[in-house]
Amino acid sequence: MNLSQLHVLVVGGATGGAATALLLARAGARVTVLEKVAQPRAVGAGIGLAENGLAVLESIGLGPAIAARGRAVDGLALVDADSRLLLAPPRPAPRMRMIRRSDLQGLLLDALAAEPRAERQFGAEVIGAERDGRVVARIDGRVVEHRADLVVGADGVHSQIRAAGEFGARVRPPGIAYLRALVDVEAAQGVEAWTGAGIFGSFAVGGGTYFYASAGARACRRAIAARDLEALRAVWARAYPPSIPLLAAVRRFDDLIFNRVTRVECRRWVDGRLVLLGDAAHAMAPNLGQGANSALVDAAVLLDELRRASDLATGLDAYQRRRRPAVRRVARAAGSMGALAEITNPVARWLRDRLLLPLAARLGGDATSIVMQEPPATLLAIGRA
Ligand SMILES: Cc1cc2nc3c(=O)[nH]c(=O)nc-3n(C[C@H](O)[C@H](O)[C@H](O)COP(=O)(O)OP(=O)(O)OC[C@H]3O[C@@H](n4cnc5c(N)ncnc54)[C@H](O)[C@@H]3O)c2cc1C
């Protein structure tokens with residue numbers, strides 16, 4: 001399909017939306033990004049870019065900037081609270097880089113700003129859409145109607161585009177909660193620890209440490225409900241001593257970011273001219289670090305299938321047929337990892353750590369290909385073509 005005839009509205013200008021806009025604009029489409037946040041750069045903590053997501057970003061020329069700002073991780077190892085290895089990463093470990101989310105967002109938006117076929121409208125909140133490609137947005141208190149050949153819903157877990165169409169969506173009630181933070185100290189362990197209070201991961205990012213931790217254990221929940229940073233520090237100091245310098249470096253309770261895991265599964269990703277991508281289509285447990293990476297894979301596959309197809313409907317159908325099963329596999333694996341990671345009963349944890357994880361390591365087989373979803377070389381080639 002010749003994309004130069006296509007006007008695409010991308011709703012949401014974060015990882016999935018910005019990457020989609022860049023890829024489609026460079027392939028010839030005219031793209032308008034509608035993003036509800038007025039200054040989208042300042043959001044979030046850190047993010048792990050896996051080899052699949054890295055391949056997509058490299059294909060749009062962001063490789064050197066990501067390498068300069070992110071820190072390489074030599075595979076994601078799981079340890080217990082005493083830092084004993086539970087699960088080693090597969091060898092050779094797929095490439096991975098930790099980066100500040102604001103750095104990633106800034107790089108994507110700067111690249112988008114330099115793209116002549118892409119227009120960005122920040123502070124534009126989409127409030128409705130139709131399957132014929134009409135979109136209604138609120139901008140500075142005004143209601144504005146747009147019309148496009150294709151509307152990409154990259155507007156996250158609470159997607160308006162998903163709400164507007166018939167996607168057979170199943171949104172599961174919020175599950176486990178996590179807290180995340182960026183601190184100025186360099187005290188990263190470079191591993192994810194599975195402890196009696198849940199998981200605690202800490203990784204170097206340029207000039208500091210990104211860490212995340214479960215917020216589901218009873219003592220944690222109490223500390224969070226009381227907004228008591230000291231009590232939270234005490235819970236984690238007991239459960240995992242390497243957390244001490246990191247939580248000590250958090251200045252205020254409000255510097256912590258809290259997320260409840262919400263899982264989204266859609267029977268269809270396409271309804272007329274509306275198509276879903278990223279968390280809007282498939283928010284998943286964060287435990288394999290594949291939420292944002294999967295959004296990047298979606299973006300590349302959408303471009304690939306539109307380019308191969310004779311018309312829009314065929315391209316969109318091929319996109320959902322290629323992505324849905326791959327995403328379902330990785331989302332299920334992430335959900336299982338999340339459930340295992342949150343076990344608090346000491347006997348069940350012992351069984352998990354001494355029997356289940358060693359067995360899983362031995363039977364792991366094609367775990368890497370399930371997580372990657374598409375060969376990174378394919379993803380690299382799509383964006384470069
Ligand atoms: C604790 C935790 C750790 C994680 N760690 C990782 C990790 O290491 N690696 C990884 O790959 N993923 C990780 N994830 C998942 C990742 O954060 C998400 O999967 C990813 O951000 C999804 O990207 P997206 O572009 O689809 O949606 P989002 O990042 O949610 O972006 C949606 C965008 O749409 C905009 N928007 C929303 N509604 C509207 C509207 N009505 N109109 C206009 N704009 C709108 C929003 O402002 C936002 O900018 C983690 C998640 C959690 C909770």
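1. Let's start with the interface between the two domains. About 1700 Å² is buried between domain 1 and domain 2, and carbon and sulfur atoms give 59% of that area. Keep in mind as you read that this is a predicted model. If you're wondering about the unit, the size of an interface is often given as the accessible area lost when the parts come together.

2. Which parts of the chain are we talking about? Domain 1 is pieced together from 3-73, 96-174, 262-344 and 365-384, while domain 2 is the stretch 178-260. Their C-alpha centres lie 28 Å apart. In terms of residues, 21 from domain 1 are in contact with 20 from domain 2.

3. What holds polar groups together across this boundary? The rule finds 6 residue pairs in polar contact between domain 1 and domain 2, both residues of each pair being at pLDDT 80 or more. On the domain 1 side, the elements giving two or more residues to the surface that touches domain 2 are β3 (46-50), β7 (96-100) and α11 (312-341). The residues on that side split into 11 nonpolar, 5 polar and 5 charged. As for salt bridges, the count between domain 1 and domain 2 is 0.

4. I257 is worth a look while you have domain 2 on screen. You'll find I257 in strand β18, which covers residues 257-260. Setting aside residues up to four places away in sequence, I257 touches G44, A45, Y178, L179 and R180. Is I257 buried, partly exposed or exposed? With a relative accessible area of 28%, I257 is partly exposed. For a sense of distance, the C-alpha atoms of I257 and P64 are separated by 29 Å, with their positions 193 residues apart along the chain.

5. Now for salt bridges in the whole model: the rule counts 20. One of them joins the side chains of R131 and D271, N to O at 2.7 Å. This pair links distant parts of the chain, 140 residues apart: R131 is in the loop between β9 (124-129) and β10 (134-139), and D271 is in strand β20 (residues 270-271). D271 is buried, at a relative accessible area of 8%.

6. The pair D317 and R321 makes a good contrast to look up next. Their closest N and O atoms are 3.0 Å apart, in a salt bridge. Why can these two meet within one helix? D317 and R321 are 4 residues apart in helix α11, so they are separated by about one helical turn. An α-helix has 3.6 residues a turn, so residues three or four places apart point the same way. D317 counts as partly exposed at 31% relative accessibility, and R321 is exposed at 56%.

7. Two more salt-bridge items to check. D353 and R352 form a salt bridge, with closest N and O atoms 2.7 Å apart, and both of these residues are buried. Elsewhere, salt bridges that share partners tie D304, E305, R308, R322 and E374 into one network.

8. Helix α2 deserves its own point. Why call α2 largely enclosed? In this helix, residues 51-59, 7 of the 9 residues are buried, so α2 is largely enclosed by the rest of the structure. The buried ones are N52, G53, L54, A55, V56, L57 and S59. After α2 comes G61, with a positive phi near 85°.

9. Next, S159, which sits in the loop between β12 (150-153) and α5 (160-164). Is S159 buried or exposed? S159 is buried, its relative accessible area being 3%. Its side chain reaches the backbone nitrogen of R162 at 2.8 Å. Beyond its neighbours within four places in sequence, S159 is in contact with L276 and A280.

10. Last stop: V144, in strand β11 (residues 142-147). What does V144 touch, leaving aside neighbours within four places in sequence? The contacts are V135, V136, A137 and I139. The C-alpha atoms of V144 and E125 are separated by 9.9 Å, and the two residues are 19 apart along the chain.

Note on methods. Residues numbered from 1 in each chain as written. Predicted model: local features only at pLDDT ≥ 70, side-chain atom pairs only at ≥ 80, totals over all residues. Heavy atoms only, no water. Domains from an automatic or database assignment. Contact = heavy atoms within 4.5 Å. Buried area = accessible area lost by both parts, 1.4 Å probe. Salt bridge = Lys/Arg side-chain N within 4 Å of Asp/Glu carboxyl O. Polar contact = N/O pair within 3.5 Å; in protein donor to acceptor, adjacent residues only side chain to side chain. Nonpolar A, V, L, I, M, F, W, Y, C, P; charged D, E, K, R; others polar. Buried < 20%, exposed > 50% of the residue type's maximum accessible area, 1.4 Å probe, protein only.
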